[in-house]
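Visitor: I am new to this structure and would love a close look at a single part of it. Could you pick one residue and walk me through its surroundings?

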Number of protein chains: 2
Amino acid sequence: MRYELYYWPTIQGRGEFIRLALEEAACEYVDVARRRGRGSGVPRLMRMLAGREGGELPFAPPILKAGPRVLAQTANILYFLGTRHDLAPKEERRRLWIQQLQLTIGDLVDEVHETHHPIASGLYYEEQKREARRRARDFLDNRLPKYLDYFERVLARNPRGGGWLTGARVTYADLSLFQVLVGLAYAFPASMRRAGPRYRRLDALRRAVEARPRIQAYLQSDRRLPFSEEGIFRHYPELEAGR
Amino acid sequence: MRYELYYWPTIQGRGEFIRLALEEAACEYVDVARRRGRGSGVPRLMRMLAGREGGELPFAPPILKAGPRVLAQTANILYFLGTRHDLAPKEERRRLWIQQLQLTIGDLVDEVHETHHPIASGLYYEEQKREARRRARDFLDNRLPKYLDYFERVLARNPRGGGWLTGARVTYADLSLFQVLVGLAYAFPASMRRAGPRYRRLDALRRAVEARPRIQAYLQSDRRLPFSEEGIFRHYPELEAGR
């Protein structure tokens, strides 16, 4: 099946978690809004958001079209793709554990976004810079360590070892955690450098995902958009000043 | 099976979405942290959060213990309970649609929480009051209408009619949407009163859930905690002043 991914064309954003899964699974897919020509581009994404492409009504991108089906919500799309493409086991007990990890990764991603948009996602960063500084300080001091400690512990507790979050094989949650780790290193390089030594397992996971042949090929292709100050992970030096 | 729910004992919070599902399904459950005596109360919740109650490690409450299994993340717990207790169909296609709606409800809940805690969840409201005012204004002007419009449209598009979000029977997503609607009416009474006439289907859903015998009995019992200024839905008149 050829999937259609609907996401904003100029940022990694939440669409990137879907792209990484599609790439690792070697799925055929079209990144609809990045494509030019008739029936593509952002107008097509807007049609989808307006519910004029069939299927169930999505609230926001990323959106995946799989034949006649339309799925939205990052974690939900990954749950769907996981068992179909061997990025999650079929047994429901383990699927729900992976999904729980994915939802926790999603919460962390939301909190990263809030560091530069604590007042309104519709306003520019420059319009909430002072508040962003306070929010980022709290995030780096209190929230981020809590999340990183948690995932490091989950890795340590995986009875199958092997360096993945669960079981002996890579899952979509490992791919998403990789994305968060490289995103955090982009956005908060000083904080992450300092924290590094405490999170050896997280660092090993990041390197293990990065070394996977399909991921490596993807990261080197022009399908991988660069990090930038328009996405979730933004590097504003003032947000970690003095750290 | 007798379930154990682990959640903060004095607020509805995110635990309430689980309580509503357990009550509607007439499940036997213990609200562990609200119970007194040995092996109960908040110390037991803290043991669970420390990973000393067995099962997979949770990041935050609500947490559900189902026999030897430990599940966390509100939407994930509901997905698990849904098919087991007839609050969701068994067919995966429809399960994922309900889950997508639940995750969107969860996003709205997160945004409601941010209206009174835009800077840091660990600080008091009073320490971020000015920022809360800006955030709440944006939420009420831009975000809330977007969510309410969306759910009203989903209700209108349900081919089975009947007033539920999907299909002809109540699901856990309907129960959660009910909770959000009564919570919003508590937190932002003026805004919700003004918006009311535009959302007839949402209002009908709220009333339909409220009228269900088990929900009605629950709401009148002392198992239902009251709304308060310590939960997600808080009534701070200044946050909708002048509206």
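Guide: Gladly! Let us begin with a cut-off: a residue is called buried if 20 or more other C-beta atoms lie within 10 Å of its own. Please keep in mind that this is a predicted model. Our chosen residue is A:Thr104, which sits in helix α4 of chain A, a helix covering residues 92–116. A:Thr104 has 23 C-beta neighbours inside 10 Å, so it counts as buried.

Which residues does A:Thr104 touch, leaving aside its neighbours within four places in sequence? The answer takes us into the other chain: A:Thr104 is in contact with B:Phe59 and B:Gln73. Within chain A, we can relate A:Thr104 to A:Thr171, which is 67 residues away in sequence, with 15 Å between the two C-alpha atoms.

Now let us step back to the two chains. A turn of 180 degrees, with a shift of 0.0 Å along the axis, lays chain A on chain B with an RMSD of 0.0 Å. The two copies are therefore related as by a two-fold rotation axis. In chain A, the residue whose C-alpha comes closest to that axis is A:Pro118, at 2.8 Å. The copies meet through the same surface, because 100% of the interface residues of chain A are also interface residues in chain B.

Finally, a look at the nonpolar core. The largest one has 126 residues, and among the members that touch the most others are A:Ala21 and B:Ala21. Not counting residues up to four places away in sequence, the contacts of A:Ala21 include A:Leu78, A:Leu87 and A:Tyr172.

Conventions
Residues are numbered from 1 along each chain as its sequence is written. Chains are lettered from A and ligands numbered from 1 in the order in which they are written. This is a predicted model: local features need pLDDT of at least 70, side-chain atom pairs count only at pLDDT 80 or more; totals for chains, interfaces and linings use all residues. Copies are superposed by least squares on the C-alpha atoms of residues with pLDDT of at least 70 in both. Two residues are in contact if their C-beta atoms, placed from the backbone, lie within 7 Å. A nonpolar core is a set of buried Ala, Val, Leu, Ile, Met, Phe, Trp, Tyr and Cys residues joined through C-beta atoms within 7 Å. A residue is buried if 20 or more other C-beta atoms lie within 10 Å of its own, exposed if 12 or fewer, and partly exposed in between; C-beta atoms are placed from the backbone. Helices (H or I, at least four residues) and strands (E, at least two) are DSSP runs, numbered from the N terminus.
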